[in-house]
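Me: Could you help me read a structure that is new to me? I would like to start with its parts and then see how they touch.

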Amino acid sequence: MRRLALLACALIGLAPAAEAQQRTRLTVYTALENEQLAPFKQAAEAALRDIEIAWVRDSTGIITARLIAERQNPRADIVWGLSVFSLLQMEALDMLEPYTPQGAEALRANMRSDRSPMTWTGMDAFVSAICFNTVVAQQRNLPRPTTWNDLLNPVFRGQVVMPNPNSSGTGFLTMAGWIGARGEAGAWEYMTRLHENIQVYTHSGSAPCNNAARGEYGVGISFDMRSVALRNQGAPIEIIVPTDGVGFDLEATAILRGTRNQAAARRLADFAVSRPAMELYGRYYALLALPGVEPTVRNYPADFAERLVSADFRAIATQRDRLLREWAGRFDGKSAPRN
Amino acid sequence: MSEAVLAGQPSRPRRSLDQRIMRWGLWLALAFLLAFLALPLATLLLRAFETPEGGFAGIANFRTYVTTPALLAAAWNSVWTAALTAAIVVPLAFIYAYALTRACIPAKPLFRAVMMLPLLAPSLLPALALIYLFGNQGMLRWLLMGGSIYGPSGIVAAQVFYCFPSAALILAVALSTADARLYEAAAALRATRLRIFWTVTLPGARYGLVSAFVVVFTLVVTDFGIPKVIGGQFPVLATDVYKQVVGLQDFNMGAVVGVVLLIPAVLAFLLDRWASRQRTATMSGRAVPLRPAPRAVRDRPLLAVCILVAATLVGIVGVAVWGSLIRFWPYNLTLTLENYDFTRFDTAGWDSVWLSVRMAAMAAAVGTVIVFIVAYVLDRGSQHGPLPGIGRFAAAVPLAVPGLVLGLAYVLFFNHPANPLGFLYGTLAILVLNSVVHFYTVGHLAAVTAIRQLDPEFESVGASMRVPVWVTFGRVTVPMCLPAILEIAIYLFVNTMTTVSAVIFLYGPDTKPASVAMVHMDEAGQASAAAAMGVVILGITVTAKLAQLLLGALLGRATQAWRR
């Protein structure tokens, strides 16, 4: 009897430990912002009690290169929060496990894979935007731009910085937006004129906004998510979503072909398109893949969604190599620094 | 077993035990270099000859690359910035090292420690400092007289800072041993000081000078961190690799540029061979170590140069430390310690720091043993056949391989399903081995320089007294080279603490190093937090360096009496 009681005690004592051991550890590759990792992990682990999330987070280019390099023996179970352009590249390499998460049909049509079963599902959209340093603007008498065309004004000569599309996904996203809004010929003409005002094409997608925040230059072209952390630190930075059409990219989820944790990865993919997850994304992004979820992020214009250019991601992705080569031919060769 | 085999083959000349040990050592050295350098690199670089689908492409990729307009510009930019940097750094480092080794100036250990500062900090830290100093809002912007830090001038300035320790380290080792008899003889022949310098000092340091030039040149050509952060869009070869691999995920074209970048390695190797053919051991068994005597005419200007260089190095790092204590450059300069609460910026918080310390300690422990033994075996073993040459070439290669190429090569090789070493992938061990290989060359050169200053007759005497080679190695070579060995260990430790470019492809969910966390903070716009992480890393590496100096002083008393 006493032995039985002891055994019971032991079992009770062991139970939580046993449960912890049974949790499936999912290796999740992501390009989400650092500050999003903890809340996302917490929410997912609260919803899926038997799953533990182990992040590997890096910038879009690095994480994509890693995923592709690891192709023969994937180490990631699932990707949660990576540019759809990267996922389309991986789809073309047959790296994604087709699976339609529960409820994924409810997502906006242009924010989920058009394959059946789906290869990826969208989370939210992030857009290219202008990071505008108001202090530098005052010092140098720069007017506040509201459209991309405003940046062609000669007063911005040497004041604009954008990511090199050949180095940075953000740079390519911006260029794709211009092509979407103006047509390809119009976009090349625009970029040729903008080139006159560019101080530097950076290799990093986040540098233009970070350096504009530090007053290194007045105008940085980057994407919208950057600003929050910077403003919290006291940077005099304003994020402007131009009204003449902005390119956007999706953060998306996809299961890796060959994952050893298929079942758990599927459940996380289900969670990633669920309403609670969308509400979580809505704390950071203004346009969510699931219609009807109200984002709680502030400082976005009411007509935000209308400013996005319609984008056929697959069509852009297939043109990518040619567009980038042409960009390099036009602007990279004559990229001696201007002082 | 092998005894029996050898005994059963009487026709084959019986080798002495020593020779056989050196032979096995050579094979082990080559096996290490093969498994952790040659095969991974080959896995990646062979992609230069493949189509994206994996078919054979011949030289089509090279043809595409050569017809890309920016290539020649990038190659030329790489060459001239590297040459200019080397032309500035090597004489400066020579003067500094000369002052440390051949003059009587006070506070030598301090200058020796300060010399290493640029290596002790992750390169992002001085980059931030340069922006605070010379950026468009910089405190010393007027010094540029209207120029911009973003471009070639910024690259050369940052590279001079970054390469100085490597050059000074090699030259200090090269100058630290000299035979006083040569100087006495020269003086007896009434040679002028200039002539002595020209005919005794410089030839004695020739090997070090060539090594230093080659190391600096190659470091600049392969580094993409500095051109990426403050080079603006000034195209160089290393940023071309970055563009192809990280921007376009085009491993084939990335491999093409990687192959192009190996050209400096081949040239460096040829130069090294040339220099080693000219070599003579400066410390023969009968040598009398040179002890510099005080001479104000020489010492005072040298001291002034040392102070100037040291002050610049400390100043740049000081600005970075200050940058870690402010809230937000340049708009909110109130001081705070909040930036050191890393959990606010990264979920791993301080854990990544401790992980980095473990990783760096392992790299130093494992790496130093490997580097020194391999260098010894390659230099003192039989020079018969092509193997020693192949080994020496392999040891020179890592310097010419950009970290990002090495990192990707490791992914492709160790993650391959058929690789028996695949169990290493995703562990701390692979990060350690990758770092050892990544920073192999400078350690190897330092080891070779130290070993070459010992007369081979030590081994001959040992052999004639029937002392096995490993006893001579353990009782003579290692103690005599202890300063160099310590130097190599600390070099590996600090570089592993600060490296980003290769490990960024290799870390796993539980093995994210502090240097990578620092880059992530900077990318997220948290420059002050990134600076704080950089300062913590610097604090650890400085501590390690000071420990080395202390240990070096204690050991020096025990093992370096022969130099005095």
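Reply: Gladly! Domain bounds come from an automatic or database domain assignment. Here, that assignment splits chain A into domain 1 (24-125 + 248-301) and domain 2 (127-246 + 315-332). This is a predicted model, where local features need pLDDT of at least 70, side-chain atom pairs count only at pLDDT 80 or more, and totals for chains, interfaces and linings use all residues. Residues are numbered from 1 along each chain as its sequence is written, while chains are lettered from A and ligands numbered from 1 in the order in which they are written.

Me: How many residues of domain 1 of chain A are in contact with domain 2 of chain A?

Reply: Two residues are in contact if their C-beta atoms, placed from the backbone, lie within 7 Å. By that rule, 13 residues of domain 1 of chain A meet nine residues of domain 2 of chain A. On the domain 1 side, α3 (60-69), α4 (84-92) and β10 (248-256) of chain A each supply at least two residues. Helices (H or I, at least four residues) and strands (E, at least two) are DSSP runs, numbered from the N terminus. The largest share, three residues, comes from α4(A).

Me: And which element of chain A gives the most to the side that touches chain B?

Reply: That is α3(A), with seven residues. Across this interface, 54 residues of chain A are in contact with 51 residues of chain B. Elements of chain A that each supply at least two residues include α2 (34-47), β2 (51-57) and α12 (313-332).
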